[in-house]
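These are my notebook entries on a structure that I went through part by part. I wrote down each thing as I looked it up.

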Amino acid sequence: MSLPSISRFLPSVCGLLFSLITAPALAGGEVNLYSARKEDLIKPLLDDFSKQTGIAVNLVTGKEEALLQRLQSEGANTPADLLLTSDAGRLAAAQQAGVLQAVKSDALTARVPARYRDPEGYWYGLSVRARPILYARDRVQSAELSTYENLADPRWKGKICMRSSDSVYNQSLVAGMIAHHGEAKTEAWAKGLVANFARPPKGGDRDQIKAVAAGECDVTLANTYYLGGMVNSSDDAEKQAAAKVAVFWPDAQTTGVHVNVSGAGVTAHARHRDHAVKLLDFLTSDAAQRWYAETNNEYPVNPAIPPSATLKAWGEFKADTLNVAKLGELNPAAVRLMDRAGWK
Amino acid sequence: MRGVWARTDRWSLLVVGVALLLALPVLTVFVTALQPAGAVWRHLADTVLTDYVGNSVLLMLGVGAGALLIGVPAAWLTSLHEFPGRRWLEWALLLPMAIPAYIIAYTYTGLLDFAGPVQTLLRAGFHWTRQDYGFPEIRSLPGAVVMLALVLYPYVYLLARAAFLDQSVAVLEVSRTLGAGPWRRFYAVSLPMARPALIAGVSLVQMEALADYGTVQYFGVGTFTTGIFRVWYGMNDSTAAAQLAALLLLFVFALLVFERWSRRRARFHHAGNRQYRPARLSFAGRWGWLATVACLVPLLFGFLIPAGQLTVWAWRTAPHVVDGRFLALLANSLLLALGAALLILLLALLLGYGQRLRPRPLVRWAVRSAGLGYAAPGTVVAIGVMLPFAALDRSVDAWARQWFGVSTGLLLSGTLAALLFAYCARFLPVALHSVEAGLSRIRPSMDDAARALGSTPRGVLWRVHVPMLRGSLLTAVLLVFVDVLKELPATLILRPFNFNTLAVRAYELASDERLADSAPFALAIVLAGIGPVILLSRAIGRARPGYDAVP
């Protein structure tokens, strides 16, 4: 390809590219969303919202911190009206960074329990994610299990598979432990837990579940929707692996199972504030809450909505009552603690 | 006299200006790093910093060595010898380049993991349990080295092959008449002459290995890159993260200086007027098949196995996950990659030629610093683009409000222009290496002759260099095209509303731990990359200087 032809070609390529970004606008206005939930896990809901209200939703997905950074650097000119994350700690961080504003609506107050939202309304939880203990049905009796703390007991030596401490799920779990038990006790626990690892931490949550099923270890921690995804997988091997693993709800007598929420907050400089609140209302509505449960096996944040059949099969549990905002606050301490404990 | 100075300065200014603009993201990282950070450093030094440094260095050395071990013999065999299958192996050896590193890591983990089919079969076949056998753990530092070397060796192969094809036949034939056997010709003649190309290839590979995040993170190997994100995401300390990134970049800069220094005396221009295609040495019989097998091995592990696994997955999941949006994804990916590749080519040509025209220290340093972005994790480069662009938008907006009472909003942030700029900042070195290598083979006397005949510097570039550089330019365009096709982190952060690419889609599904569901999109990236890879190989075969002159 010779260069003169390139230089003729370039403007038309750029023109084509830029024509791709013009978003279709519906009659009812629009609302712009920065979402750390993956497109597949939010887009169907947004499409329903647009159908019902005539409000178009423009979406960018990405990682929490990157979206937060983008929001911060864009400042007052940001096009984003709503920030959606899959971890309450990040919402608390966004609030501290001053990029959110408080909003109130009767629907939100009625549907979202107090511990899953900010007291002033800077952000609201939309779905609950629980991180219980999963164990191999054939090698472990549920009576042997009791609490997260118990996993540091030497009897589990070489029997625990764990995901890396890079995972925000583990960071948030440890942050919860710090909130309940203090740093010194949590660090001692983390060291005990690390000593029980069957192999150095690696892989995602599904990998831990598969390792338990295959017999590499007996016990692990994972978010329930990963197990739910395997139970309903199109891959028979995943289905079979999931069948070999059972859920244990720890800390039933004490602080309760570690939970976190995915949630959203309206941005400080939202141009479509009312539409954004409407979208929040919609995401906590019965239909949307049921969708979270049915499609991704997350627990509805609204206690009036029953969980999916897959979730029901695992039984009921007592969730940690700690306000999830605390998890974000303690997250840096949790990461340092895991570094010290040698949790890779 | 004044006229001459003005012209001189125009070129220098242009080149230095463009280079500094492209270095903007890296400069942003350094500026951010200058702020005081919290107590994180003390904590890092006490706990994980040695791991980060050790693992990063081992990864870099390991992947570099691996890429050399695979790439150089393959290049030597296919460029100077004849054996069964040579013609198609020549281009097929480039195919692993089309597979994103994290994708190959996922596929091999699926196969070789404890719960995967290989180990499960072994256990079932021999009635073993976990304690009965040792199996190399794929998700480890050595595993990461192998994964990265398998998809990155094509850079070394490509540059080595161009260098071998380019070597003066006369030298090789002289060594032959002096009785040197094939081995001796390889390590005593071919290899030393190809050294600049090999070092350039290895440094690209090593920079890419240092910037890798997906593979090492999945394998649980703590490196500088994972550390940057851990400090930033986990400890909410973006300044300390910038300082880690700056340290990484300084390290790479040292590496680049070393690279320059190591080839300080090596100048290779073509001395004669004509070169003839060297007669390929034929490997007969057993030796020929051995050469075929040697070239098949990297192709098998770097491409056939992972692409096969992807195909199996995609076959099952494509009906569920591929919908009407697929064509839009494909179009977005292809147009973005093509646009970025052409833009970067022009920039590389400008910088490469400017450097040749004005070989001053200032110009050279500016061009070097423009290339640093390649070694930084894509996310870091993206943030380095985002911050200055947003600042520019804000000041234009404030200015417009003050003077005209209107808000201009965001002009650059969140547009494809910002994204294209990030690609330029990140992938420039890939094109620049190729352009520089091509330019270095054109004798300076060519320029002098053209100038003496009244051509302007720009005229020399367009009418003399560009036609002679066809092969190098095509290589540059296609390398960048494939790289942008695979690019994820910058695309993820900087893209506009409602704009997705194949890589974004593959990543979203894979990071949700739905590997099989992500396979159709990963496979589409690979397939879209194969065409260019084949073109590329043909271009190199054809574009040897002097080839057209052979009667």
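In what order do the six strands of the open sheet in chain A stand, and what is their pairing? I kept in mind from the start that this is a predicted model, and then I read off the order 2-1-3-8-4-9, with mixed pairing.

**Entry: the edges and pairs of the six-stranded sheet.** I looked for the edges next, and found strand 2 and strand 9 (299-300) of chain A there, each with a single partner strand, so that one side of each has no neighbour in the sheet. As a general reminder to myself, strands of a sheet pair through backbone hydrogen bonds, either parallel or antiparallel. I then went through some of the pairs, beginning with strand 1 (residues 30-35) and strand 3 (residues 82-85) of chain A, which run parallel and are joined by three bridges. In strand 3 of chain A, A:Leu82 is the residue that stands opposite A:Leu33.

**Entry: strand 4 of chain A.** I followed strand 4 of chain A to both of its partners, because seven of its seven residues are buried and the strand is thus largely enclosed by the rest of the structure. Strand 4 and strand 8 of chain A run antiparallel and are joined by six bridges, and here I noted A:Val128 opposite A:Val261 of strand 8. With strand 9 of chain A, strand 4 pairs in the antiparallel sense over two bridges, and A:Ser127 stands opposite A:Pro300 of strand 9.

**Entry: the sheet of three strands.** Chain A also has an open sheet of three strands in the order 6-5-7, where the pairing is antiparallel. Which strands stand at the edges of this sheet? I found strand 6 (219-221) and strand 7 (245-248) of chain A there, each with a single partner strand, so one side of each is left without a neighbour in the sheet. I also noted that neighbouring strands of this sheet are turned against each other by 30 degrees on average, with direction ignored. Strand 5 (residues 133-136) and strand 6 of chain A pair over three bridges in the antiparallel sense, and A:Ile133 faces A:Leu221 of strand 6 as its opposite residue.

**Entry: the two domains of chain A.** I took the bounds from the domain assignment, which gives domain 1 as 26-129 + 259-306 and domain 2 as 130-258 + 318-341. Their C-alpha centres lie 27 Å apart, and the contact takes 19 residues from domain 1 of chain A and 20 residues from domain 2 of chain A. On the side of domain 1 that touches domain 2, helix 4 (88-96), strand 4 (124-130) and strand 8 (259-266) of chain A each supply at least two residues. Helix 4 of chain A gives the most to that side, with five residues. I sorted the residues of this side of domain 1 by class and wrote down eight nonpolar, five polar and six charged.

**Entry: where chain A touches chain B.** How many residues does each chain give to the contact? I noted 59 residues from chain A and 58 residues from chain B. On the chain A side, helix 1 (3-19), strand 2 (56-61), helix 3 (64-74), helix 8 (205-214) and helix 14 (325-341) each supply at least two residues. Helix 1 of chain A gives the most to this side, with nine residues, and by class the side has 27 nonpolar, 15 polar and 17 charged residues.

**Entry: one residue of helix 8.** I picked A:Ala211, which lies in helix 8 of chain A, and asked myself whether A:Ala211 is buried or exposed. A:Ala211 has 24 other C-beta atoms within 10 Å, so I recorded it as buried, since the cut-off for a buried residue is 20 or more. Leaving aside neighbours within four places in sequence, A:Ala211 is in contact with A:Cys161, A:Glu216, A:Cys217, B:Phe114 and B:Ala115. I also noted that the C-alpha atoms of A:Ala211 and A:Ala241 are separated by 8.8 Å, with the two residues 30 residues apart along the chain.

**Entry: helix 23 of chain B.** Nine of the ten residues of helix 23 (residues 502-511) of chain B are buried, so the helix is largely enclosed by the rest of the structure. Among the buried residues I listed B:Leu502, B:Arg505, B:Tyr507 and B:Glu508. Helix 23 of chain B is followed by B:Glu513, whose phi is positive, near 65 degrees.

**Entry: confidence.** The predictor gives the complex an ipTM of 0.82 and a pTM of 0.85. For chain B I wrote down a mean pLDDT of 84, with 92% of its residues reaching 70 or more. Over residues 545-551 of chain B, however, pLDDT stays under 50, and the model has twelve contacts beyond four places in sequence for that stretch. Where pLDDT is low, the predicted coordinates should not be read in detail.

How values were computed. Residues numbered from 1 in each chain as written. Chains lettered and ligands numbered in written order. Predicted model: local features only at pLDDT ≥ 70, side-chain atom pairs only at ≥ 80, totals over all residues. Contact = placed C-beta atoms within 7 Å. Helix = DSSP H or I, 4+ residues; strand = E, 2+ residues; numbered from the N terminus. Nonpolar A, V, L, I, M, F, W, Y, C, P; charged D, E, K, R; others polar. Buried ≥ 20, exposed ≤ 12 C-beta atoms within 10 Å, placed from the backbone. Pairing = 2+ DSSP bridges. Axes fitted to C-alpha atoms, helices over the stretch in contact; angles between N-to-C directions. Domains from an automatic or database assignment. pLDDT = per-residue confidence, 0-100.
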